[in-house]
Amino acid sequence: MIGFVLRALIAACGLWIAARIVPGIHVLSWESLLAAAFLLGIVNAIVRPILILLTLPFTIITLGLFLLVINGLMLELVALFLHGFQVHGIVAAILGSIVVGLTGWVGSWFIGGHGGLAVRRR
């Protein structure tokens, strides 16, 4: 459970950075930022794998680049459900998902998600 909370906080940082540097992404409050990060984690755990499976031929044909579109759609889906989080257009969503993904990758590296610097328990 603590891993999910840490990843949600990292996603919140990524969403905040995306709102700062990507035109078309707006966050109205810290509460909506945290809610968007939490909802993004749920959407990525439930909806994203199903969508990846359904669009597998497109992903293979585009050599994986279609995954950027899927990630952008997940960000758009979160914005659809939250009033305080807005994404205007698929280009902003794709750029925002790249920022959130990079932030999550770096954050996971530091907290020990994939061979990071975290100390392992014995």
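**Exercise 1.** At which residue does α2 bend, and by about how many degrees? Then check the length of α2 against the expected span.

Solution. The model is a predicted one. Step 1: the bend in α2 lies at asparagine 44 and amounts to about 40 degrees. Step 2: α2 has 25 residues, so at 1.5 Å a residue it should span 36 Å. Step 3: the C-alpha atoms at its ends are 34 Å apart, which agrees with that span.

**Exercise 2.** Classify glutamate 31 as buried or exposed, and describe its surroundings.

Solution. Step 1: glutamate 31 belongs to helix α2, which covers residues 30–54. Step 2: its relative accessible area is 59%; the cut-off for exposed is over 50%, so glutamate 31 is exposed. Step 3: its side chain makes a polar contact of 3.2 Å with the side chain of serine 29. Step 4: phenylalanine 81 is 50 residues away from glutamate 31 in sequence, and their C-alpha atoms are 14 Å apart.

**Exercise 3.** Identify the buried residues of α2, what covers them, and the part α2 plays in the largest nonpolar core.

Solution. Step 1: Ser32, Leu33, Ala36, Ala37, Leu40 and Val43 are the buried residues of α2. Step 2: their cover includes α1 (2–21), β1 (25–27), α4 (66–81), β2 (85–87) and α5 (90–111). Step 3: the largest nonpolar core has 22 residues, of which Leu15, Ile25, Leu75, Val78, Phe85 and Val87 touch the most other members. Two or more residues of this core come from each of α1, α2, α4, β2 and α5, and α2 gives the largest share, 5 residues. Step 4: beyond its neighbours within four places in sequence, leucine 15 contacts Leu33, Ala36, Ala37, Leu75, Phe85 and Val100.

How values were computed. Residues are numbered from 1 along each chain as its sequence is written. This is a predicted model: local features need pLDDT of at least 70, side-chain atom pairs count only at pLDDT 80 or more; totals for chains, interfaces and linings use all residues. Side-chain values use heavy atoms; hydrogens and water are left out. Helices (H or I, at least four residues) and strands (E, at least two) are DSSP runs, numbered from the N terminus. Buried means under 20% relative accessible area, exposed over 50%, partly exposed in between (1.4 Å probe, protein chains only). A polar contact is a pair of N or O atoms within 3.5 Å; within protein, one must be able to donate a hydrogen and the other to accept it, and residues adjacent in sequence count only if both atoms are side-chain atoms. The expected span of a helix is 1.5 Å times one less than its number of residues. The bend at a residue is the angle between axes fitted to the seven residues ending there and the seven starting there. Contact means heavy atoms within 4.5 Å. A nonpolar core is a set of buried Ala, Val, Leu, Ile, Met, Phe, Trp, Tyr and Cys residues joined through side-chain atoms within 4.5 Å.
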